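Work through the exercises below with the sequence and the coordinates open, and try each task before reading its solution.

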Amino acid sequence: MRVGILGSGLMGGKLGTILARAGHEVVFSYARSEQKLRKLAREAKGKARPGTPREAAQEADAVLLAVHWSRIDDVLRETGDLSGKVIVTCSLPMNEDNTELVVAHTSSGAEELAKRVPKARVVSAFSTVPSEVLFRVFEARRKATRPGLVYCGDDSSSKKIAVELIRDVGFDPVDAGPLWIARYIEPFALLVGQLAYEGKGGPELAYRFDRLAK
């Protein structure tokens, strides 16, 4: 697939690199500098290149949104028309100092994003995974037992695309239901983040959200 990365920081940079190494055509965009985008594309190898947000989304089969919540409006403005696009978002609606969610309980960041781009097809995924473990999961992706990764969305065809990306990263996709389920996933993701960076065991413990039965 052609995957546009909107937000090439820790999460976007690592996921984009993994997806490029899995064989997808990846465009990195929206980083602190053009130099960083070129470096990411060079190190990802495969079919990876730097670009603007508009270029990243233009011909993409899926757009991965991985920016801080405070930058959502800015990156959407730079990206332009996202009508009909599949947006896989892993951006939690965090405040400036990343201590709490600014959207919670009666809505979610994923739902608010869907309101901002009403003609796009939004799927929420990857927000429950600390970025530090992504390469490790990818390297072990052919093992029989794989960690589960929950995702949610309202459009079935978009969810199929998200499933392919989730599997290529190395997770077993777990469909949590419609997009409003993100109201429960996002607070859990915040808890996972606190466990990853403050709890004993760190990221290695935090990413293991496995299904109990098949």
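The exercises that follow concern a predicted model, and each task is followed by a worked solution.

**Exercise 1. State which residues of helix α5 are buried, and name elements that cover them.**

Solution. Begin with the extent of the helix: α5 spans residues 109-116, and its buried residues are G109, A110, E111, E112 and L113. Next, look for what lies against these residues; the cover includes the strands β4 (62-65), β5 (86-89) and β6 (121-125), together with the helices α4 (72-79) and α8 (182-198).

**Exercise 2. Determine whether S107 is buried or exposed, and find the residue with which its side chain makes a polar contact.**

Solution. First place the residue: S107 sits in the loop between β5 and α5. Its relative accessibility is 12%, and because buried means under 20%, S107 counts as buried. Then list its neighbours, leaving aside residues up to four places away in sequence: S107 touches E112 and R183. Finally, examine the side chains, where S107 makes a polar contact with the side chain of E112 at 2.8 Å. E112 is also one of the buried residues of α5.

**Exercise 3. Classify A125 by its accessibility, and list its contacts beyond four places in sequence.**

Solution. A125 belongs to strand β6, and its relative accessibility of 1% makes it a buried residue. When residues up to four places away in sequence are not counted, A125 touches V88, T89, C90, V150, Y151 and I166. As a last step, compare sequence and space for the pair A125 and E59: they are 66 residues apart in sequence, and their C-alpha atoms are 21 Å apart.

**Exercise 4. For K45 and H105, give the value of phi, the location and the accessibility class.**

Solution. Take K45 to begin with: its phi is near 65°, which is positive although the residue is not a glycine. K45 lies in the loop between α2 (34-44) and β3 (48-50), and with a relative accessible area of 59% it is exposed. Turn then to H105, another residue that is not a glycine, whose phi is positive at about 75°. H105 is placed in the loop between β5 and α5, and its relative accessibility of 71% puts it among exposed residues.

**Exercise 5. Describe the largest pocket by its volume, its lining and the classes of its lining residues.**

Solution. Start from the space itself, which amounts to about 1,000 Å³ in the largest pocket. The lining consists of 33 residues, and those nearest the centre of the pocket are L10, M11, V67, H68 and N98. Assign the lining to elements next: α1 (10-21) and α8 each supply at least two residues, and α8 gives the most, with seven residues. Sorting the lining by class then yields 16 nonpolar, twelve polar and five charged residues.

**Exercise 6. Count the aromatic pairs, and explain why W180 and Y184 are assigned their geometry.**

Solution. In general, a pair of aromatic rings is described by the distance of the centres and the angle of the planes. With ring centres required to lie within 6.5 Å, the count comes to one aromatic pair. The ring centres of W180 and Y184 are 6.1 Å apart and the planes meet at 70°, so the pair is edge-to-face, a class that requires an angle over 60 degrees. To complete the description, consider accessibility: W180 is partly exposed, with a relative accessible area of 40%, whereas Y184 is exposed at 57%.

Conventions. Residues numbered from 1 in each chain as written. Predicted model: local features only at pLDDT ≥ 70, side-chain atom pairs only at ≥ 80, totals over all residues. Heavy atoms only, no water. Buried < 20%, exposed > 50% of the residue type's maximum accessible area, 1.4 Å probe, protein only. Helix = DSSP H or I, 4+ residues; strand = E, 2+ residues; numbered from the N terminus. Contact = heavy atoms within 4.5 Å. Polar contact = N/O pair within 3.5 Å; in protein donor to acceptor, adjacent residues only side chain to side chain. 1 Å grid on protein atoms, 1.4 Å probe; cavity = no way out; pocket = protein on both sides within 12 Å on 5 of 7 lines; lining within 4 Å. Points joined across faces, edges and corners; volume = space filled by probe spheres on them. Nonpolar A, V, L, I, M, F, W, Y, C, P; charged D, E, K, R; others polar. Phe/Tyr/Trp six-rings, centres within 6.5 Å; stacked < 30°, edge-to-face > 60°.
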